[in-house]
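Please look over the structure below with two topics in mind: unusual backbone geometry in the loops, and the surroundings of the bound ligand.

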Amino acid sequence: MPAAQEPKGAAADKKPSQRRRRGGKKHPKPDGDQRRREKQEAPTEEAPQEPVQRSRGRRNRNPQKEPEAKKLEEDSDVLLAFGALLKTNDPAAAAAHAAYERHEDQARFIEDARRLLAMSPSERKAMVQRAPPGMAMPPPPPGIGRSPPGSPRRVGAPAAPHPGSPRRNGPPPGLVPSVDHLPPGLAALALEVAAEGNPPPGISRSPPKPTDDDDVAAALSALISGNTPEEPPPKPKKKWEPPRVHVRRGGRVSFTAPDGQKGPLRPRARLDVSWELRVDEDVEVGSRRDVSVGLFRVGAPTNDAAIVAKQGKGTVEETGLARGAVAFFAPRAAGAFVFRLLDPEPPGQQQKPKSERPKASSNVYATSDKLDVVVRTHDDLLDSLKASLQQLEEPGRSRLGALQQLAVVAETLPASLAPKRLTHVGGRSGSSAEKKCREKLRACLARCLDELAKNVPGPLTLATRRRADELPFDVDETEEDALTRERAWSVLSEEDEVAARDAFEQQRVAKIKKQRNDDRRARDVHAACRRLCAAFNGNSASRQWLESAAPEQARRLDDVSTRWDALLEEFWPGGADGVAALRRHYDRADSFFRPTHQPSAQQHGFAWRALDDACARVLPQLFPSENFFKRREEVRRRVEACLNNADVLGNGRRLVLRVFGSSANLFGAEGADLDMCVVPAASEEDTELSSPEVCRRVGEALESAGAKNVQVRDTARVPIVLFADPQTGLDCDVSTHNPLALRNTELLRAYAKIDGRVRGMAYVIKKWAKIRGINSPSDGTLSSYGYILCVLAFLQTVPNPPILPSLQRLDLDWPNPKNPDRPPPERVPHPFDASRDVCLSFHDPDKTGSLADLREIAGRNRQSLGELLALFFRHYAWDVDYRNLVVAPRTACVLPKANKAELDCWPQNPHLAIEDPFETHYDVAHVLKYPKHQLVRKEFMRASKLIDDAAAQRVDPDLVLDYICEPLPVPDQVM
Ligand code: GTP
Ligand code: MG
């Protein structure tokens, strides 16, 4: 049978992933000898080996194979092809199968199937339509006779091999289908056919298939058996809507403890929540306005997950505000919470169970300050633990949530509750309720540690393995399965084959999605367990509890903690496997990427000095020449004149081109692009600037003036035209409405003037990021602007004393006393998002004359540029808690991600997040997705590691900057 020769070509053509089983064990690729052996065993009329076409909907065009295959001489071929046809929901095939199930006459069935397969789809369709009810198959056409009753086939004897059939010695390896999933009649028939020859060793009638480890094999069996898998109906495409929307209506919601207590509250403390909401002008004074007040965990992504929501009844006052108050209790478990003011639930919904209620409105009219609930007394502790441990056991409740609550308790357990001082929950004595609680907690920790012992691949590992085709994500099937499938398809008509391939493709995609969801779920569970374990390690009171009450778990935790990889977010397996895995992932195989001890001047001083010297050598080459600004100004003037001549604003309105970005912020190097922005000469004329039309006119004007490579991006958030200046070759861009970029350029420029180390660091970091390929937002890495913000935030928070203040927080009158009559900084509408406003004010030392004072303060820090660079790399490599913190030069202090999640719906993921200084709802690093965040972080780690190596004399300190800024190897040219 010619199809039997297809396997080798097909196997050779496959990607490595397609040759793998899930366990990672590769199918041996046939070597030359094996191929020769198989060739010799194969029948003489073997067709040339040609890869099986596996692309969707394409037929196998093997010219020699096709006529042979079409003959369907073998019963097994008929069976396979019929199975594939049945899978396409062909009504004639279904009728034939139904008929067979009634009469169980195998020979007759085979003949019916053979006849059906010889027909075209339209003939089959017409046949079904012609057939009278109850009559599945028409009488055979002349020439195709039914087996006479009592023929050898009827009594179950093996079918006589067709004369001239190539498979005289039984089916070639890999072509005996599994019969486990066939309907009983078909299974018997298949076995009968298979028994014709001697099945090759190792092929059993029911090969042991590990449960769901080989779902494609199961899919194949389903294909043969005709059990169409349940396909979910196609979902209508839904427009994405943010889960929560802040509606600016002057709402307010706040809480007070009845005793006026400030700060964190105890679990179940009583609270009075008051709210107010501005109502529409036409609403009558004295009328009712209801709301819903919900208690949420900080950052809960939707309004549906309220811990508790109460309806608030308010009365409209003359001020145009409706006001009301609701009584609440703080949650039983520790954590951080907020109240949100929402639309009221429609009447009659409150009584319904949660699952039956409609989704909560996405509108949020106001959010309260954060409510911190902490455990302070032994009773609180017991209560909180009991609540979470109970939640862990109750079906239908969130276990991840319960683990997180336990983690919060462990993270915040006060020293007063450490077991040394109190022998209650953590100690040896206590009530039986306490003992039970302790036992449950021990068991919970043991389960978490078991979970951590599993090697759940982190997102980067998965992404890397997917790229390297190591994961069986594309096709998780054996070679035999694939070949059997291909063989079944190859004998179908073109139309049926397309249908069969489509059905298979749908199944494959559904399987990939399921696998990815399972991966994500496994990672979430892993992360929750890790957080709980880390909490017991990180808080000394909890650690003491662990050591006294669960010494075994404490020991296991120590062991597992040493194998945690912060970059890949997974635990390495111990021993040689772990070492091998580490080597695969990191390019410096001799030493692993782990933080060393906090660097000290004693150990690292030599390397820092060497780095400083290297910076001193490099920086003069990086700083722009005197011509830099002059040349750019000439280009700006020329472009400005060109746009005015073309009257791009219309009606003769004049425009001014203003420069922003590195050509104006004092962080520009030769070769940087020239960023320009259109500003109307008369300030009130900016209404149309954001329109795509202006952008297109700019593009046309530049093109007619001879600009090269003009690209108009009129649908971008900020419409922009990119081009190259024909005279200088300079890369330029003109945006038509970008006032915030002009403002943030002024801010960056102000910071740059305060201390020479600010510019020095930014130049080295920009050079490093460009050379290491992590400075391209269009490729998913960070913009230069993002790196500069990272540098500013670092200089505000890490060096001691800090080198930079927050110019946005510094009083405008500083260093003079605050002027009490100065109005508060004005908030203006966001230039292209009417639902928001922005505060553009900052302390500009040039304008206020405070530059000398700021320089004097910065100068109190004596750390060298080399040391600061080393600390910068280390900080972003190891010290930043990416999951929980946001880089925010506006605040010059730690900004929790939960706050941004709450107010601006930022995702609480472990990616780098940078708050824009003016557009505070905008994450400058939002382009960084996995694995690009990890790529950037890996570069921070690499640089930090190189400096550590230089300090330990493993790397020549004089060359350490060269190593850090080593160009990436050029990828192999693809011919
Ligand atoms: P090089 O061109 O690489 O030398 O750096 P650059 O300083 O010009 O930075 P970049 O090209 O990344 O950005 C140019 C300017 O655009 C920045 O100075 C900002 O004013 C503005 N910009 C860039 N990215 C953002 C962003 O994400 N948000 C906002 N608001 N402005 C941005
Ligand atoms: Mg630029």
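Pro801 sits in the loop that runs between α24 and β18 (827–830), and in this predicted model the peptide bond leading from Asn800 into Pro801 is cis, with an omega near 0 degrees. The loop between α24 and β18 also holds Pro815, and the bond that joins Trp814 to Pro815 is again a cis peptide bond, its omega being about 5 degrees.

Two residues further along the chain call for attention because of their phi angles. Cys905, which is not a glycine, nevertheless has a positive phi of about 60 degrees, and its place is in the loop between α28 (897–904) and α29 (932–951). Gln953 is likewise not a glycine and has a positive phi of about 60 degrees; this residue is found in the loop between α29 and α30 (960–964).

How exposed are Cys905 and Gln953? Cys905 has a relative accessibility of 26%, so it counts as partly exposed, whereas Gln953, with a relative accessible area of 54%, is exposed.

The surroundings of ligand 1 form the second topic. There are 19 residues around ligand 1, and those that come nearest are Asp673, Asn744, Lys766, Lys770 and Ser784. Sorted by class, the shell around ligand 1 is made up of six nonpolar, seven polar and six charged residues.

The following side chains each place a polar atom at a listed distance from an oxygen atom of ligand 1.

| Side chain | Partner | Distance |
|---|---|---|
| Ser662, polar atom | ligand 1, oxygen atom | 2.9 Å |
| Asp675, N or O atom | ligand 1, oxygen atom | 3.1 Å |
| Asn744, N or O atom | ligand 1, oxygen atom | 2.4 Å |

On its own, ligand 1 has 620 Å² of accessible area, and the protein covers 83% of that area. Which elements give two or more residues to the shell around ligand 1? They are α22 (739–754), α23 (756–771) and α24 (784–797), and the largest share, three residues, comes from α22.

Taken together, α24 appears in both topics, since this helix gives two or more residues to the shell around ligand 1 and also borders the loop in which Pro801 is found. Asn744, for its part, is among the residues that come nearest to ligand 1, and an N or O atom of the Asn744 side chain is 2.4 Å from a ligand oxygen atom.

Terms used:
Residues numbered from 1 in each chain as written. Chains lettered and ligands numbered in written order. Predicted model: local features only at pLDDT ≥ 70, side-chain atom pairs only at ≥ 80, totals over all residues. Heavy atoms only, no water. Near = heavy atom within 4 Å. Polar contact = N/O pair within 3.5 Å; in protein donor to acceptor, adjacent residues only side chain to side chain. Areas by Shrake-Rupley, 256 points an atom, 1.4 Å probe, with all protein chains shown as cover. Helix = DSSP H or I, 4+ residues; strand = E, 2+ residues; numbered from the N terminus. Nonpolar A, V, L, I, M, F, W, Y, C, P; charged D, E, K, R; others polar. Buried < 20%, exposed > 50% of the residue type's maximum accessible area, 1.4 Å probe, protein only.
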